[in-house]
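Morning, everyone. I have one short structure to walk through today. Let me put it on the screen.

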Amino acid sequence: MTRCKQSNNDLAVMFMDLDRFNYVNDSKGHLAGDDLLKQDGKRLIKSVRN
């Protein structure tokens, strides 16, 4: 936030609540949970403009 303020850039913060994400972590392990988050991140990147 400080870096954005100093360089006069905008910053956005998004909070997402993924339904049943804890179930993935608990039943499939943290590596599977990490992979799921990475996939969701890629989907989000594709859905917004540069």
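One definition to begin with: a residue is buried if its relative accessible area is under 20%, exposed if over 50%, and partly exposed in between. By that cut-off, 8% of the protein's 50 residues count as buried. Keep in mind that this is a predicted model.

Now the fold. The protein has three helices and zero strands. Read from the N terminus, the order is α-α-α. How spread out is the protein, set against a compact globule? Its radius of gyration is 15 Å, and the globule rule gives 10 Å for 50 residues. That is well over the rule, so the protein is more spread out than a compact globule. As for dimensions, the C-alpha trace spans about 45 × 25 × 15 Å along its principal axes.

Next, the surface. About 5300 Å² of the protein is exposed, and 51% of that comes from carbon and sulfur atoms. There is a nonpolar patch here, about 400 Å². Which residues make the patch? Met1, Leu11 and Val13. Take valine 13. Its place is the loop between helix H1, residues 2-6, and helix H2, residues 21-28. Valine 13 is exposed, at a relative accessible area of 75%.

Stay in that loop for a moment. Aspartate 19 also sits between H1 and H2. Aspartate 19 is exposed too, with 68% relative accessible area. Compare its position with glycine 41. The two are 22 residues apart in sequence, and their C-alpha atoms are 15 Å apart in space.

On to charge. I count 9 positive side chains and 7 negative ones in the protein. The centres of the two sets lie 7 Å apart. How many salt bridges does a search of the whole structure find? One. It joins the side chains of aspartate 40 and arginine 43, with an N to O distance of 2.7 Å.

Where do these partners sit? Both are in helix H3, which covers residues 30-47. They are three residues apart, so about one helical turn separates them. Is each partner buried or exposed? Aspartate 40 has 17% relative accessibility, so it counts as buried. Arginine 43 has 52%, so it counts as exposed. The bridge therefore pairs a buried aspartate with an exposed arginine.

To recap: three helices, zero strands, and one salt bridge. Over to you for questions.

Key
Residues are numbered from 1 along each chain as its sequence is written. This is a predicted model: local features need pLDDT of at least 70, side-chain atom pairs count only at pLDDT 80 or more; totals for chains, interfaces and linings use all residues. Side-chain values use heavy atoms; hydrogens and water are left out. Patches are made of residues with over 30% relative accessible area and no salt bridge: like charges are joined within 9 Å, nonpolar side chains (Val, Leu, Ile, Met, Phe, Trp, Tyr) within 5 Å. Accessible areas come from the Shrake-Rupley method with a 1.4 Å probe; for residues, only the protein chains shown count as cover. A salt bridge is a side-chain nitrogen of Lys or Arg within 4 Å of a carboxyl oxygen of Asp or Glu. Helices (H or I, at least four residues) and strands (E, at least two) are DSSP runs, numbered from the N terminus. Buried means under 20% relative accessible area, exposed over 50%, partly exposed in between (1.4 Å probe, protein chains only). The radius of gyration is taken over C-alpha atoms; the globule rule is 2.2 Å times the number of residues to the power 0.38. Lys and Arg count as positive and Asp and Glu as negative; His and the chain ends are not counted. The place of a charge is taken as NZ of Lys, CZ of Arg, CG of Asp or CD of Glu.
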